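User: I've got a structure loaded and would like to talk it through with you. Can we start with the terms and then go piece by piece?

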Amino acid sequence: MNGRGESDSRVVAGKSPNKVRNRAAEGMEPRRLAKRNSSERNMARTQSRSLSMSHALARVRDVARRKEVTKFTALYHHVYNVEHLRAAYAELKPKAAAGVDGVTWAQYGEDVEANLADLSERLRRKAYRAKPVRRVMIPKADGGERPLGVTSLEDKIVQKVATQLLEAVYEPGFKPFSYGFRPGRGPHDALDALTVALKRRKVNWVLDADIRGFFDSLSHEWLVKFVEHRISDRYFVRLIRKWLKAGVLSEGEWAVQDEGTPQGAGISPALANVYLHYVLDEWVQAWRKRQAHGDVIIVRYADDFVMGFEHRTDAERLQKELAERLKRFDLELNPRKTRLIEFGRHAARNRKERAEGKPETFDFLGFTHISGKTRRGAFQVWRRTMRKKMRAKLASLKLELRRRMHEPIPEVGRWLGKVLGGHYRYYGVHLNTQALHSFRDRLTRLWYNTLRRRSQTGRVRWERMRALIQRWLPIPKVYHPWPELRYGVVT
């Protein structure tokens, strides 16, 4: 049948597929000619509704990209699809902590098919109930504590599917300077973009901004309105409301939350990106096009963002208007962590003329950014491991070494090697090798002191210690290329 309901008897000989993972039985069978839109199909050759999650997301993403003002009216059926729930369960971390219900990944998997079928049926009948989030306080590098929410396993599964749908709808419209919690983008992409912008654009002033308690203070009302900009499926929106209103269980007491979304919940990063897209990203994009008198750059990673300006007047005006903008949406800048500093290729000379000392530095994603120079005198952005991050990491490793003091040395050595490897893979950037060596040396000293404490004589010969260091502690390695190389390839 053709597109008008008429039969079409034309056929062509089949052709062997060039690249197939599984040899298809119908590879050489004749097939009918496709009259229209054949290249746009991205679905299984079946009329059943059990499409794979990748195909469903591709279709949603394609519509979102082609029709920027389209509202999605039918997303909820993807949420209770058993195949989608099964794929989400498989992607969860098996050793993650249990939520308020105490159910672990392994326990749920003992009868996973029956459990997923029951979950799907409850979702389909709109009888699914979100469970409260168990709150856990984790220490921060500055000595404070950050609340972390631990969701129940079934909530994690459903939130995983909902997050993928949210990303498919909103990802095509997100701004290119947004990097946090987005597919295919990581912290080093944001760091490289910032470094290249500071070096290539006319940046003389940097606004290092931080939103006070963003995840704890975002407005539920505004968040739902932002979601409804693109999604008019009332059941999908109702599902998001359930998670927002589920409440928090802390020290055995349940409390309702009228604002905020728990850090640690699977859907929180996606909701945060939607919120900041409308509150910050689109507003900044319009501001720098219409009101700025010089170059303006911005790089945002979640609720942490850095802006660069050519003129100080632009920076001061935007900072004032940004505070008013955030206040409208129940947010505010953290005055203790938000600073406007002189930074760039002319900062050192200008401050020297004013007898103000070296240019100030700013921190972003674990690195301290410094106005420096190359050996030839050209402007260079130096990135060093933040001191408070390094001190906090070494303090936690000291406690862990004390706990492992009487374990066999090879086990402790393998563990320390993994710790150093992870540290190098994140902080291993050019111009930061001195900080990498410092971290390794201080960790070596901690291990040496621990070995001395477990010995009755308190003596550990350095000949033996050097052998242990050479055997178990890898030397520093730069894992990341120069920002211009990677950022140029990505863009």
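Analyst: Sure, one term to begin with: a residue is buried when its relative accessible area is under 20% and exposed when that area is over 50%. Keep in mind that this is a predicted model.

User: With that in hand, how many residues of strand E8 are buried?

Analyst: E8 covers residues 296-301 and is mostly covered. On one side sit Val296, Ile298 and Arg300, on the other Ile297, Val299 and Tyr301, and all of them are buried. In a regular strand, side chains alternate between the two faces of the sheet. So the buried count for E8 is six of its six residues.

User: Which residue in the turn between E8 and E9 has a positive phi?

Analyst: E8 and E9 pair in the antiparallel sense, over six bridges. They make a hairpin, with two residues between the strands. The turn residue with a positive phi, about 60°, is Ala302.

User: Which residue of E9 stands opposite Val299?

Analyst: Val299 is one of the buried residues of E8, and E8 is paired antiparallel with E9. The residue of E9 opposite Val299 is Val306.

User: And what is the bridge partner of Asp208 in E9?

Analyst: Strand E5 pairs with E9 (residues 304-309) in the antiparallel sense, over six bridges. Asp208 is on one side of E5 along with Val206 and Asp210. Its bridge partner in E9 is Val306.

User: E5 has another pairing, with strand E10. Over how many bridges do they pair, and what stands opposite Trp205?

Analyst: E10 spans residues 339-342, and E5 pairs with it in the antiparallel sense over four bridges. Opposite Trp205, in E10, is Glu342.

User: Why is E5 described as largely enclosed by the rest of the structure?

Analyst: Check both faces: Trp205, Leu207 and Ala209 on one side are buried, and so are Val206, Asp208 and Asp210 on the other. E5 is largely enclosed because the number of its residues (205-210) that are buried is six of six.

User: Moving on to helices, within what arc do the buried residues of H10 fall?

Analyst: H10 runs over residues 234-244, and its buried residues are Phe236, Val237, Leu239, Ile240, Trp243 and Leu244. Looking down the helix axis, these buried residues line one face, because they fall within an arc of 150°.

User: Which helices do those buried residues pack against?

Analyst: Having the buried positions of H10 grouped on one face makes sense of the arc, since they fall within 150°. The buried residues of H10 pack against H2 (76-79), H5 (112-124), H6 (153-170), H9 (220-227) and H11 (268-290).

User: Asp281 caught my eye. Is it buried or exposed?

Analyst: Asp281 is in helix H11. Beyond its neighbours within four places in sequence, Asp281 is in contact with Lys175, Phe177, Ser178, Leu276 and Arg300. With a relative accessible area of 0%, Asp281 is buried.

User: What about the outside: which residues make the nonpolar surface patch of about 270 Å²?

Analyst: Leu485 is in helix H18 (residues 483-490). Its relative accessibility is 53%, so Leu485 counts as exposed. The patch is made by Leu485 together with Trp482 and Leu431.

User: And for the protein chain overall, what percentage of residues count as buried?

Analyst: The chain has 18 helices and 13 strands. It exposes about 27,600 Å², with carbon and sulfur atoms supplying 48% of that. Of the 491 residues, the share that count as buried is 45%.

Definitions and conventions
Residues are numbered from 1 along each chain as its sequence is written. This is a predicted model: local features need pLDDT of at least 70, side-chain atom pairs count only at pLDDT 80 or more; totals for chains, interfaces and linings use all residues. Side-chain values use heavy atoms; hydrogens and water are left out. Buried means under 20% relative accessible area, exposed over 50%, partly exposed in between (1.4 Å probe, protein chains only). Accessible areas come from the Shrake-Rupley method with a 1.4 Å probe; for residues, only the protein chains shown count as cover. Patches are made of residues with over 30% relative accessible area and no salt bridge: like charges are joined within 9 Å, nonpolar side chains (Val, Leu, Ile, Met, Phe, Trp, Tyr) within 5 Å. A salt bridge is a side-chain nitrogen of Lys or Arg within 4 Å of a carboxyl oxygen of Asp or Glu. Two strands pair if DSSP finds at least two bridges between them. The arc is that of the directions from the helix axis to the C-beta atoms. Contact means heavy atoms within 4.5 Å.
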